Amino acid sequence: MDSRYWQEELETMPRKNLEALQLEKLKASVTRALKSPFYKEHFGSQGLSADSLQSVDDIQKFPFTCKDDLRDNWPFGLMSASVDDCVRMHCTSGTTGNPAAVLYNRHDLDSWANLVARSMWSTGARPNDIFQNMSGYGLFTGGLGFQNGAEKLGMLTIPAAAGNSKRQIYLMQAFGTTVAHSVPSYLGRLFAVFQEMGLDPHKDTKLKRFFIGAEPHSEETRLRIQEMFGVKAYNSFGMTEMNGPGVAFECEYQTGMHVWEDCYLIEIIDPDTLQRVPDGEWGEMVLTTLDREAMPIIRYRTHDLTRIIPGECACARTHKRFDRIKGRTDDMFIVKGCNIFPIQIERVLMNFPEIGTDYLIELTNEQGDDMTVKAELKPDLFTDNYPELESLKRKIAGILRDTILVTPKIQLVPHGSLPKTEGKAKRVLDLRKQ
Ligand code: AMP
Ligand code: ZN
């Protein structure tokens, strides 16, 4: 078997050795970070350096780094290398104020591609697969990040980019695509176009695997995607500040995402007390890069809520797994005093076979605390004269009330009628006046 990206020694390293490797790489990362103007001040002013680290747990002596630190020091303030050494930049969308930019030197790009290749391999993808990347290219890391990883693995890679479903299907059929990557929210729409064209992905394509990520999604959504396309869909976690995709990925067992601990240090903290919580408990994920030269980032508060899954994985990898992201601390909204995450609503909706994959939560406060859940019906169901519509709405509202403790208004709308975005879906429209 060709085992280039089954990096067995690293992936199954005994925990003790892995922690020793982490300590060595953490010290090097802190030393490198101290070359940047930002960390010189952030750590240096407190007398913190690699000498402050006797064990990886000593990282807790260091202050966190936040998105605002990246924005305020845009674009070069966190750089530990000279711009001359760098060969690529990516940045977050930054709709308000400066985005957060990341710069990469050659080592960083190579290390990143290796992680993406290793991740894809762990799901069962092999060099003889045909890979179609249905992700936006450009500043968004899902395009070039997957492209470089897939090429490194050795797959024929189709840089299809996002949107244009008919062309996606045409390419899939012409080249016999077996593996594809996309944001999960796009796949319901792609499936509808298959149906419009009278095609069935099970019979009319060679698809076997999807990589889905970049946005929160529920297990119910994953199951739907698997059913619609006859594939296994693997959860892929990444973020620009940490390179992009390839930070953590589900292996073939689909039991949580292994975070590549030779390249990242993961901590879970209580977002209120900022103290670490034990494995198994939910909290905010904090990540530290261990293999980045141009721009190491130490103790980055991701705002993503997850937990470490205790126990070993059947695949023999020793790198910790974290659970499906349940939302971001900044995604949560409050209605009538109840804290709600969009994914809780998604889970309920996806259990109704009549409901399609797109929905929008609208919040207004003109008549008190009002919340409307708009959900698209499956393409073959009509909104007019559909006799079960009222009782379906009542059932959905009832289950939502039991789940989120608020009874929202339910609007069932025709397939394709909700606003679409290319890239990550926008699930909440907050029209409340302050
Ligand atoms: P970006 O840097 O724009 O790619 O966005 C990174 C953010 O996307 C993360 O902090 C998460 O909030 C979200 N994200 C990425 N991958 C996943 C995933 N597999 N599940 C849930 N959220 C994700
Ligand atoms: Zn595993």
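**Exercise 1.** Find which atom of glutamate 215 pairs with ligand 1, then list further polar contacts of the ligand.

*Solution.* A polar contact is a pair of N or O atoms within 3.5 Å; within protein, one must be able to donate a hydrogen and the other to accept it, and residues adjacent in sequence count only if both atoms are side-chain atoms.
- Start with glutamate 215: one of its backbone N or O atoms sits 3.4 Å from a ligand 1 nitrogen.
- Next, serine 236: a polar backbone atom lies 2.7 Å from a nitrogen of ligand 1.
- Then arginine 328: here a side-chain N or O atom is 3.0 Å from a ligand oxygen.
- Now the cover: ligand 1 alone exposes 500 Å², and the protein buries 90% of that (Shrake-Rupley accessible areas, 1.4 Å probe; for residues, only the protein chains shown count as cover).

The model is predicted: local features need pLDDT of at least 70, side-chain atom pairs need 80 or more, and totals for chains, interfaces and linings use all residues. Residues are numbered from 1 along each chain as its sequence is written, chains are lettered from A and ligands numbered from 1 in the order written, and side-chain values use heavy atoms, without hydrogens and water.

**Exercise 2.** Describe the shell around ligand 1.

*Solution.*
- Count the neighbours (a heavy atom within 4 Å): 16 residues surround the ligand, with Asn235, Ser236, Thr240, Asp304 and Lys424 the closest.
- Sort by class: 6 are nonpolar, 5 polar and 5 charged.
- Locate the largest share: strand E7 (232-239) gives 5 residues (DSSP runs, numbered from the N terminus: helices are H or I, at least four residues; strands are E, at least two).

**Exercise 3.** Characterise the interface between domain 1 and domain 2.

*Solution.*
- Set the bounds, from an automatic or database assignment: domain 1 spans 1-330 and domain 2 spans 333-433.
- Count contacts (heavy atoms within 4.5 Å): each domain supplies 23 residues.
- Take the buried area (accessible area, 1.4 Å probe, lost on being put together, summed over both parts): about 1700 Å², 54% of it on carbon and sulfur atoms.
- Rank domain 1: Arg189, Glu220 and Arg224 supply 38% of its buried area, more than any other three residues.

**Exercise 4.** Where does the peptide bond before proline 75 sit, and is it cis or trans?

*Solution.*
- Recall that most peptide bonds are trans.
- Read omega: from tryptophan 74 to proline 75 it is near -10°, hence cis.
- Place proline 75: the loop between helix H4 (67-72) and strand E1 (86-91).

Notes:
Nonpolar A, V, L, I, M, F, W, Y, C, P; charged D, E, K, R; others polar. Buried area = accessible area lost by both parts, 1.4 Å probe.
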